[in-house]
Every structure is written in structure tokens, then in C-alpha cells.
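Let's take a walk through this structure together, one stop at a time. Please have the sequence and the 3D view open as you read.

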Amino acid sequence: MRAIINTKYGPPEVVQLMEVDKPIPKDNEVLIKVYATTVNRTDCGFRSAEYFISRFFSGLFRPKNKTLGNEFAGEIETVGKDVASFKAGDKVFGYNDTKFGAHAEYMTIAEDDAITTMPGNLTYEEAAPITEGAHYALCNLRAAKIRSGQKILINGATGAIGSAAVQLVKYFGAEVTAVCDTKNVALVKSLGADVVIDYTKQDFTKIRHTFDVVFDAVGKSSFGQCKPIIHKSGIYMSTELGKNAENIFLALLTPLLGGKKVLFPLPTISKQDVLFLKELVETNQYKPVVDRRYPLAQIVEAYKFVETGQKTGNVVITLT
Ligand SMILES: NC(=O)c1ccc[n+]([C@@H]2O[C@H](COP(=O)([O-])OP(=O)(O)OC[C@H]3O[C@@H](n4cnc5c(N)ncnc54)[C@H](OP(=O)(O)O)[C@@H]3O)[C@@H](O)[C@H]2O)c1
């Protein structure tokens, strides 16, 4: 089969399209013919090992998983002998950031992992980007216990995480103020934002009212900068570690002090989360935003584009 192989950490060019053996599913696994996947910031982080800490999960000197790709949509070709919940021919989607493997024509995943059947109303290319940004957003919003009536500010509302967060906050019944650039104001409104701040015209940290939660989905701000716009018992969250990894230390310290605090939840995903996102998609309460599509053979170009930090939503890779 065709697969994208990376045998060392580094820039986009370290990945290569190669012919390799098709994987064989274990007794508790399914073999999926992948029709669509994505290149996202998680793939970029694991490919570059830019944050050394990630090597404790992905291999100290070289990558343990030779094929990246965490989001997938495709059709089950065969199932292991103990698999009861899927059968050959099922159309499925999901997420796997422990084994990866979706940047290939075939991948395997355990039936109990974050995989379920595809929402009936979506194509493979629409289903592949459901999970990555949304599960990071969900972890943060759940940690902050977002509820009806609250006011939430989301910076970077056009990223994979931000565009999912806007829709999820609306689902939880809170009011969203979204920050984005001029060209995406209409898009962000269409996702449900109640108020949109164009960051080319206004600095959101200088506005005159306060929020229950400030969620910086692109990690461009700091707790110190955002404090004036956070309610006295409000929460700050960011997708980046911040200067000198301050967000980790602040998340340990500020909850002990009372008042405004920083949360930095560790991301997790389960089958329940994928089922939850599927239900939101089927009831038109969440739709992943797709920026560009690239064929598998142009994955280096896809990585380069994602690393500009300017994608709107998600970048899809097609395998047909
Ligand atoms: N290390 C990891 O494993 C990992 C995994 C996932 C996510 N993350 C981090 O999480 C963050 C979000 O990732 P993502 O995939 O959702 O999005 P992304 O690829 O980082 O996209 C960022 C979006 O934010 C907008 N943006 C850029 N600068 C901005 C600014 N100063 N203010 C407001 N918006 C701005 C961009 O649009 P414009 O340029 O048009 O404004 C773009 O649409 C990133 O910082 C990423 O590194 C890290």
C-alpha cells in the first residue's frame, strides 16, 4: 500500500511517500481502507518534535510511529476475530493519537478506541476533520464547566480548535465573543458567534467588559494580558504552554489562590466523545470547517501550509 513514512524528526520534507506492507489487524482491531485524513497541528508537533517533551511519547531519538495521521474516515475492510461492534463495509471515522497511521491507504485501530460509524449526512472528506480540533476544544470547555448564560471569549476562532470551540460553546448555551481577522468575520458569525472582534481593528485585551472564560485557541496571549477582561472568579485557558511554559505553572498555582485562575487540562478522547461529536454533526449543531484539500502525494505541501499558522479550520488529505 502507499503510506507516508517518517523515519526521523524534522521539517515537512522528512516525510516520504513509500510502498509498504498493508497492516494486519489484531484480534481486537479493524482494518480500515482510508479515504480521507487530515494534516493538523498534532501531526506537525509529532513530526517536528519541536517540544522535546513530546519525544517521551513519540520516541526519544526517532519516531516510534513511522506513519502519522490521527484523524481518519474510511471503510472497514476486515475485522479481527474478537471484534463484535463493526463489520466489513461499515463507513467509520475517528481519532488515534497513540498509534497514528492514517496517512496511508490502510490503518488498524482497536474497536474500543475513538472510532464509530460515520454520520449519515457527511462525505469521507467532511467526516475526517470532525475530531482533532473539537476534542481539544471539548476538553477545555468541559474543564471550565461552560454553562448557559456565561460569556466566553474565544481568540483564534478560525483555527481547527477555535472554529470547533465557537460551535461547542453555542451548544452549551453560553454567549460567544469570537476574535478573528477581517476576512473571516462572516464565517465566524455563521458558526454562531454572538459578537465578533476583528483583531486587525481592535485589541481584544483592551475591551471594557469582562468574560467568565477567555479561551485563547491559538495561544497568542498570556494570562497577564487577559486578566483585565476576565471576571473576578473567571478562567483563562490557552492551547499553548506560554512563555517559559508559564501556563502549566499558573494552572498549578492560581486555583490555590482564589479569584481569576488558569486551567490547562490534558487532552483526552474516548469513544464516548466521538459518539457525542457524531450526534452534534447529525443534528447540525457542529460542522468542521475545511480550508484546503491535498492528495496524499502532496502531503509535504499540506504540512508547509498548516505550519504557516493561517489555515482556516482544517486541511484534508484525500486518498482515492
Ligand atoms: N503541539 C501540539 O501537538 C498541538 C496540537 C494541536 C494544537 N496545538 C496548538 O493549538 C493552536 C491552535 O491550533 P489550530 O490547529 O486550531 O489552529 P492553527 O493552525 O494554529 O490556526 C490558527 C488560526 O488562527 C488565526 N490566527 C493567527 N494568528 C492569530 C492572532 N494573533 N489572533 C487571532 N487569530 C489568529 C489564523 O488565521 P489568520 O492568520 O487569518 O488570523 C488561523 O485561522 C496552535 O497554536 C497549535 O500549535 C498544538
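**A guided walk through the model**

Our starting point is Ser238, which sits in strand S12, a strand made of residues 230–238. Keep in mind as you look that the model is predicted. Ser238 counts as buried because its relative accessibility is 4%, and the cut-off for buried is under 20%. Leaving aside residues up to four places away in sequence, Ser238 touches Asp216, Gly219, Asn247 and Phe264. There is also a polar link just along the chain: a polar atom of the Ser238 side chain lies 3.1 Å from the backbone nitrogen of Glu240.

Glu240 leads us to the ligand. Of the 21 residues around the ligand, Glu240 is one of those that come nearest, together with Thr158, Asp181, Tyr199 and Lys311. Sorted by class, this shell holds 8 polar, 7 charged and 6 nonpolar residues. Which atoms lie 2.7 Å apart where Thr158 meets the ligand? They are a polar side-chain atom of Thr158 and an oxygen atom of the ligand. Arg41 also brings a polar side-chain atom to a ligand oxygen, at a distance of 2.8 Å. With Ala160 the backbone takes part: one of its polar backbone atoms is 2.9 Å from an oxygen atom of the ligand. The ligand, taken alone, would expose 900 Å², and the protein buries 87% of that area. Three elements each give two or more residues to the shell around the ligand: helix H1 (41–48), helix H4 (132–143) and helix H5 (160–171).

Now step back to the whole chain. The protein chain contains 10 helices and 15 strands. Along the principal axes, its C-alpha atoms fill a box of roughly 60 × 45 × 40 Å. The radius of gyration is 20 Å, which agrees with the value near 20 Å that a compact globule of 320 residues would have. Of those 320 residues, 53% count as buried. The protein chain exposes about 14700 Å², and carbon and sulfur atoms supply 54% of that surface. Among contacts in the protein chain with a separation of 6 or more, 68% are between residues 24 or more positions apart.

Some individual residues let you see such long-range pairings for yourself. Glu125 is found in helix H3, residues 124–127. Is Glu125 buried, exposed or partly exposed? With a relative accessible area of 27%, Glu125 is partly exposed, because that value falls between the 20% limit for buried and the 50% limit for exposed. Beyond its sequence neighbors up to four places away, Glu125 touches Ala36, Val290, Arg293, Val316 and Thr318. With Arg293 there is a side-chain to side-chain polar contact of 2.6 Å. Look also at Leu319: it is 194 residues from Glu125 in sequence, yet their C-alpha atoms are 9.6 Å apart.

Val300 offers a similar view from helix H10, residues 299–306. Setting aside residues up to four places away in sequence, Val300 touches Pro12, Glu13 and Val15. The C-alpha atoms of Val300 and Val39 are separated by 9.7 Å, with their positions 261 residues apart along the chain.

Ile130 takes us into the loop between H3 and H4. This residue counts as buried because its relative accessibility is 0%. Apart from residues up to four places away in sequence, its contacts are Glu71, Phe93, Pro119, Leu122, Leu277, Val281, Tyr286 and Pro288. Leu253, in turn, is 123 residues from Ile130 along the chain, and their C-alpha atoms are separated by 34 Å.

Our last stop is the backbone itself. Most residues other than glycine have a negative phi. Lys145, although not a glycine, has a positive phi of about 50 degrees. You will find Lys145 in the loop between H4 and strand S8 (151–155), and at 61% relative accessibility it counts as exposed. Asn284 also has a positive phi, of about 55 degrees, without being a glycine. Its place is in the loop between helix H9 (271–282) and strand S14 (290–295). Asn284 is exposed too, because its relative accessible area is 67%, and exposed means over 50%.

Conventions. Residues numbered from 1 in each chain as written. Predicted model: local features only at pLDDT ≥ 70, side-chain atom pairs only at ≥ 80, totals over all residues. Heavy atoms only, no water. Near = heavy atom within 4 Å. Polar contact = N/O pair within 3.5 Å; in protein donor to acceptor, adjacent residues only side chain to side chain. Areas by Shrake-Rupley, 256 points an atom, 1.4 Å probe, with all protein chains shown as cover. Helix = DSSP H or I, 4+ residues; strand = E, 2+ residues; numbered from the N terminus. Nonpolar A, V, L, I, M, F, W, Y, C, P; charged D, E, K, R; others polar. Buried < 20%, exposed > 50% of the residue type's maximum accessible area, 1.4 Å probe, protein only. Contact = heavy atoms within 4.5 Å. Rg over C-alpha atoms; globule rule 2.2 N^0.38 Å.
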